[in-house]
Amino acid sequence: MIKLFKDKLNSFTDLEDRIFFMILSISVVVNILTIIFTALENIGIFSLLTSIFSLVFILILLYLSLVLDQMKACRLIFVYFLNCLILPVAFITSGGVDSGIPLYLLGGLFLIVPILREPSRTIAFSISFLVDCIVIGISYFFMKDADNRFSFAEDIYPELSSWGRIVDVLSSFAFMTIFVCGCTIVILMAYRMEREKGRALVEKMSYLAIRDELTDLYDRHYFFTRIEKMNKADLFKSDSFYLALIDIDNFKQINDKYGNLFGDMALKKIAEQLNKTMDEYSGEIVARYSGDEFIYLINAVSLDVAATRIERIRRTVEDISLEAHPDLKITISGGVTACSDSDDMTTLLASADKALCIAKKNGRNRVVTEKDYS
């Protein structure tokens with residue numbers, strides 16, 4: 001039951017709808033308690049019928065909200081029906097200012113704020129407040145010692161003893177305390193859920209903003225932004241960083257023969273291998289450079305060590321077996337160059353690209369460094 005409640009609660013997209021659903025749920029419990037105590041206190045049949053009618057009304061709203069998905073209309077109906085009909089009638093039939101019902105009037109006004117938006121909120125609050133003032137004024141005619149008391153007042157509700165009034169006020173106070181505290185808690189819970197949801201969305205958007213949608217690697221824009229920052233910290237003077245360009249061999253032919261979906265699958269598999277080898281804590285970064293090309297900034301003690309790491313990746317990729325075409329061997333070629341041998345990013349890319357071109361000209365499925373052609 002609790003799981004169903006939470007699942008339904010999480011299904012609402014609007015904060016007001018989520019709060020309204022929780023308030024209706026709490027209202028059902030409070031109404032049941034009110035009916036029980038109204039019957040025990042013997043306040044009167046009119047008061048008891050009003051409480052029962054209120055419960056039925058809330059249950060109907062729950063049905064309309066959840067089953068027929070009329071949440072927005074139900075929020076408006078709930079506010080006006082509660083504050084302009086149910087509570088005013090309950091106020092009169094339960095003893096007016098001599099009872100605990102004034103506390104319910106405050107509760108009704110309190111509910112308007114979290115479940116309606118402007119301008120409906122201001123309009124509903126003004127009308128409800130005016131109605132409350134009117135029924136409080138009218139209730140004067142029903143007070144015990146009023147000279148102008150209506151003759152049929154005793155037929156509507158019986159006079160309570162002093163002890164009965166105390167019990168009525170205390171029970172009303174207890175119920176409304178539970179109700180207001182419960183509503184405040186669920187409002188805070190709904191707000192917290194909305195805030196966490198917003199935070200998660202921002203984090204997701206921030207993540208996607210720097211990632212390639214298909215491979216989940218960094219995109220080239222973020223890659224070069226990082227390189228630019230590292231360059232200000234003398235990246236090109238460091239002997240620790242090396243740049244590799246990696247290209248999938250004959251990728252266009254693979255796409256043409258086996259289809260783009262299969263090509264996407266191959267890209268993802270290769271991206272997974274690249275991501276596994278990257279040590280971001282040491283300043284490394286790998287990104288999708290273009291359609292079938294990847295760019296990799298490697299932290300290594302020498303050019304040979306950097307080339308060896310790319311060679312390991314090449315061998316791993318060569319051993320990949322894709323379920324759709326298990327006999328097909330996908331291979332990659334790579335070109336590696338030292339960052340310290342270049343003065344700027346353009347020269348560095350040109351050097352790595354030259355090494356990659358040599359690898360492709362020499363038969364593909366191999367790794368070439370700048371030493372191999374210098």
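Helices and strands here are DSSP runs, numbered from the N terminus. Keep in mind that this is a predicted model.

**Helix 4 and its two partners**

Let's start with helix 4, which covers residues 71-93. Two packed helices are described by the angle between their axes and the distance between the axes. Here is how that works out for two pairs:

| Helix pair | Axes come within | Crossing angle | Classes in the contact |
|---|---|---|---|
| Helix 4 and helix 5 (residues 101-115) | 10 Å | roughly 170 degrees | 14 nonpolar, 2 polar, 1 charged |
| Helix 4 and helix 6 (residues 120-138) | 10 Å | roughly 10 degrees | 14 nonpolar, 3 polar, 1 charged |

What do those angles tell you? Angles over 145 degrees count as roughly antiparallel, so helix 4 and helix 5 are roughly antiparallel to each other. Angles under 35 degrees count as roughly parallel, so helix 4 is roughly parallel to helix 6.

Now try spotting the residues. On the helix 5 side, the contact takes in Phe 78, Leu 82 and Leu 87 of helix 4, among others, and they meet a set in helix 5 that includes Tyr 104, Leu 105 and Ile 112. On the helix 6 side, Tyr 80, Cys 84 and Pro 88 are among the helix 4 residues in the contact, and the helix 6 set includes Ile 123, Ile 127 and Val 131.

**A stacked pair of rings**

The model has 7 aromatic pairs. One of them is Phe 57 with Phe 78: the ring centres are 6.5 Å apart and the planes are at 5 degrees, so this pair is stacked. Phe 57 belongs to helix 3 (residues 45-66) and Phe 78 to helix 4, so the pair links distant parts of the chain, 21 residues apart.

**The largest pocket**

Which helix gives the largest share of the lining of the largest pocket? Helix 4 again, with 4 residues. The pocket holds about 200 Å³ of space. Its lining includes Lys 72, Ala 73, Arg 75 and Leu 76, along with Asp 14, Asp 17 and Glu 118. Sorted by class, the lining has 6 charged, 3 nonpolar and 1 polar residues.

**Two backbone details**

Glu 118, which also lines the pocket, is joined to Pro 119 by a cis peptide bond, with omega about 0 degrees. You'll find Pro 119 in the loop between helix 5 and helix 6.

Further along, look at Asp 216 in the loop between helix 8 (162-209) and strand 1 (218-219). Asp 216 has a positive phi of about 70 degrees, although it is not a glycine.

Note on methods: Residues numbered from 1 in each chain as written. Predicted model: local features only at pLDDT ≥ 70, side-chain atom pairs only at ≥ 80, totals over all residues. Heavy atoms only, no water. 1 Å grid on protein atoms, 1.4 Å probe; cavity = no way out; pocket = protein on both sides within 12 Å on 5 of 7 lines; lining within 4 Å. Points joined across faces, edges and corners; volume = space filled by probe spheres on them. Nonpolar A, V, L, I, M, F, W, Y, C, P; charged D, E, K, R; others polar. Axes fitted to C-alpha atoms, helices over the stretch in contact; angles between N-to-C directions. Parallel < 35°, antiparallel > 145°, perpendicular 65-115°, else oblique. Contact = heavy atoms within 4.5 Å. Phe/Tyr/Trp six-rings, centres within 6.5 Å; stacked < 30°, edge-to-face > 60°.
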